[in-house]
Amino acid sequence: MPSLTLHHLQISQSERIPWLLEELSIPYTLQLYQRDPIFSPPSLKALHPMGASPVLEDATFNPSNPLILAESGAIAEYVIHKHGDGLLALPPNHPNYADYLYWFHFSNSALQPAILRRMTARRAVQSLEDPTFVMTSERLFQAIRHFDQRVSENTWLAGEEFTAADVMSVWCFTTVRKFEAFDLAEYPGVLAWLRRCTDRPAYRAAIGKCDPELDIEEGIRAEPPRRLASLGPARN
Ligand SMILES: N[C@@H](CCC(=O)N[C@@H](CS)C(=O)NCC(=O)O)C(=O)O
């Protein structure tokens, strides 16, 4: 029986891991933390040198010295292969293996950095006409167009099977828009895929446990959800 504790900073990309655990029906204890007022509180920072969430604590194999693991992508792979019998990953001999790898990594390696660059540029410029903001914005929508095409042509990111690639990616279109607003009206493929993902009972169960105040329907609409109050108004 796994002995897992998931340290979850509320309203964050950490939501990926409870969702994954619910999909895999792996029991876990949830430890919730609130932003203080934007970043991690001291109790969460103390868990891992990066001080960010998610952090997985696994006492299954060595209860007196549990494993502490950060990085949502690493945690997802660890959980799938150590406790999930490889479910929700595609194996190397699967015809869509490369698609699975590509889209699993796309969220944290391409999409998330594009969103963060735009958020940083928004703060740095005097006006949204500034070429720095225009360029970072265009790069973000280039990534979203690419994503939209993929989920318009396939039910799930890796093809016809729902996988951890989908779990890794949803936050980049829902909760993240409470930090950096962008509209999805021109991306019907993304909107339909978000509906498919967020209608899954495991997603609903995870959000109900880790972020019960989050309005799921608001997060999957074309127009961005309400900005996180503790951020204050966007400068631009
Ligand atoms: N690449 C990391 C990013 C982790 C991360 O930055 N988490 C944010 C939540 S969205 C966080 O903990 N922020 C609070 C802080 O850094 O103090 C991952 O995928 O887990």
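Colleague: What is the strand order in the open sheet of four strands?

Modeller: Bear in mind that this is a predicted model, where local features need pLDDT of at least 70, side-chain atom pairs count only at pLDDT 80 or more, and totals for chains, interfaces and linings use all residues. Residues are numbered from 1 along each chain as its sequence is written, and side-chain values use heavy atoms, with hydrogens and water left out. Strands here are DSSP runs of E, at least two residues long, and helices are runs of H or I with at least four, numbered from the N terminus; two strands pair if DSSP finds at least two bridges between them. The pairing in this open sheet is mixed, and the order reads β2-β1-β3-β4.

Colleague: Which are the edge strands?

Modeller: Look for strands that pair on one side only. Those are β2 (29-33) and β4 (67-70).

Colleague: In which sense do β1 and β3 pair, parallel or antiparallel?

Modeller: Residues 4-9 make up β1 and residues 55-58 make up β3, with four bridges between them. Go along the pair and you'll find H7 opposite V55, and T5 opposite E57. The sense is antiparallel.

Colleague: Which residue in β4 is the bridge partner of L56?

Modeller: β3 and β4 also pair in the antiparallel sense, over four bridges. Across from L56, the partner in β4 is L69.

Colleague: At about what angle does helix α3 run to β4?

Modeller: Helix α3 takes in residues 72-83 and lies across β1, β3 and β4, where contact means heavy atoms within 4.5 Å. The axes are lines fitted to C-alpha atoms, for helices over the stretch in contact, and angles run from 0 to 180 degrees between N-to-C directions. On that scale, α3 to β4 comes out at about 130°.

Colleague: Which residues come nearest the ligand?

Modeller: A residue is near if one of its heavy atoms lies within 4 Å of the molecule. There are 15 such residues around the ligand, and the nearest are S40, S53, E71, S72 and N108.

Colleague: How much of the ligand's accessible area does the protein cover?

Modeller: Start with the polar contacts, meaning pairs of N or O atoms within 3.5 Å. E71 puts a polar side-chain atom 2.9 Å from a ligand nitrogen, while ligand oxygen atoms sit 3.1 Å from an N or O atom in the side chain of Q13 and 2.9 Å from one in the side chain of N108. On its own the ligand has 510 Å² of accessible area, by the Shrake-Rupley method with a 1.4 Å probe. The covered part is 77%.

Colleague: Where does P54 lie, given that the peptide bond from S53 to P54 is cis?

Modeller: Omega for the bond from S53 to P54 is near 10°. There's also a cis bond from D36 to P37, with omega near -15°, and P37 lies in the loop between β2 and α2 (42-45). As for P54, look in the loop between α2 and β3.

Colleague: What percentage of residues 93-216 is helix?

Modeller: UniProt, in an unreviewed entry, lists residues 93-216 as "domain: GST C-terminal" and covers residues 1-87 with "domain: GST N-terminal"; such annotations may be inferred rather than shown by experiment. The span 1-87 is 28% helix and 22% strand, with its end C-alpha atoms 17 Å apart. For residues 93-216 the end C-alpha atoms lie 36 Å apart, strand is 0%, and helix is 64%.

Note on methods:
A polar contact is a pair of N or O atoms within 3.5 Å; within protein, one must be able to donate a hydrogen and the other to accept it, and residues adjacent in sequence count only if both atoms are side-chain atoms.
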